[in-house]
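User: I would like a careful look at one part of this model, set against the protein as a whole. Here are the sequence and the structure.

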Amino acid sequence: MAIVGLANLADATAADIAALPPNAFAGATADDLASMPAEAMQGMGPDMLAAMPPDAMGGMDADMMAAMPPYAMGGMDADMMAAMPPTAMEGMGPDMMAAMPPDAMGGMDADMMAAMPPYAMGGMDADTMAAMPPEAMEGMNADMMAAMPPTAMEGMSPDMMAAMPPDAMASMSPDMMAAMPPTAMEGMGPDMMAAMPPYAMGGMDADMMAAMPPDAMGGMGPDMMAAMPPDAMGGMDADM
């Protein structure tokens with residue numbers, strides 16, 4: 001199989017790609033993509049991307065990803081994401097993240113997450129967050145967390161919280177904390193609690209406190225307690 005209309009992939013230009021109909025990519029292979037100059041991806045559109053077989057994404061690399069116009073990511077789906085080498089995610093930008101259908105994040109894994117530049121998280125929203133498999137959060141770090149819009153945390157679940165490395169919590173802010181559904185706190189552990197900056201507790205409320213496992217309180221420090229709104233203590237129980 002091949003990309004119909006491109007006889008010499010190695011010499012393909014952005015103009016060559018842009019001139020092709022989307023169905024020209026229906027037979028694209030990973031080798032086809034790997035053979036193209038990264039700059040040629042500037043001619044890619046969402047319909048072209050959507051027409052490709054998922055396994056063609058195996059030929060994607062970071063330079064090709066970075067060269068694609070952000071709107072082209074509108075053609076991505078979960079199977080395509082799952083087929084992509086983790087290193088390709090090094091080329092991801094926030095506009096690309098924002099342009100992806102949330103369901104595409106269902107193909108994300110921890111290695112892909114870890115490979116993304118932190119600033120790419122600036123394109124994350126609640127729907128994108130909610131669509132990710134919990135285990136993908138194992139690739140999160142503090143710099144990525146710091147770059148994320150607080151509203152993205154509305155998509156956080158208990159399993160996602162539990163899967164995050166504790167160190168990632170070092171960039172949690174009060175606005176992020178306040179945006180999380182209370183049930184997300186069910187995934188909190190003592191190491192995660194201890195890793196949070198004390199001021200982040202300013203976003204805690206009684207419902208979040210009530211949802212937290214008692215052992216998570218083993219990570220609580222005096223500065224964290226002092227930063228909590230008094231009303232949040234309404235969720236405290238004897239085991240906590």
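How much area does the protein expose, and what share of it do carbon and sulfur atoms supply? After that, please look closely at S173 and the loop in which it lies.

Analyst: The protein exposes about 9,600 Å², and carbon and sulfur atoms supply 52% of that area (Shrake-Rupley method, 1.4 Å probe, with only the protein chains shown counting as cover for residues). This is a predicted model, in which local features need pLDDT of at least 70 and side-chain atom pairs count only at pLDDT 80 or more, whereas totals for chains, interfaces and linings use all residues. Residues are numbered from 1 along each chain as its sequence is written, and side-chain values use heavy atoms, with hydrogens and water left out.

The protein has 14 helices and zero strands (DSSP runs, H or I of at least four residues for helices and E of at least two for strands, numbered from the N terminus). Along the principal axes, its C-alpha atoms fill a box of roughly 70 × 20 × 20 Å. Of its 240 residues, 49% count as buried (under 20% relative accessible area, with exposed over 50% and partly exposed in between, using a 1.4 Å probe and protein chains only). Of the contacts between residues at least 6 apart in sequence, 78% join residues at least 24 apart, a contact being heavy atoms within 4.5 Å.

Turning to the part you asked about, S173 is placed in the loop that runs between α10 (158–163) and α11 (174–179). Its relative accessibility is 15%, and S173 therefore counts as buried. A polar atom of the S173 side chain lies 3.2 Å from the backbone nitrogen of M176, which falls within the limit for a polar contact (a pair of N or O atoms within 3.5 Å, where one must be able to donate a hydrogen and the other to accept it; residues adjacent in sequence count only if both atoms are side-chain atoms). Once residues up to four places away in sequence are set aside, S173 touches Y199 and A200.

The loop between α10 and α11 also holds M164, which counts as buried because its relative accessibility is 3%. With residues up to four places away again left out, M164 touches M137, M140, M145, M156, M169 and M192. The C-alpha atoms of M164 and P174, which are 10 residues apart along the chain, are separated by 18 Å.

For comparison, another serine, S35, lies in helix α2 (residues 30–35) and, at 39% relative accessibility, counts as partly exposed. The S35 side chain reaches the backbone oxygen of D31 at 2.7 Å, and beyond its neighbours within four places in sequence S35 is in contact with L9 and A10.
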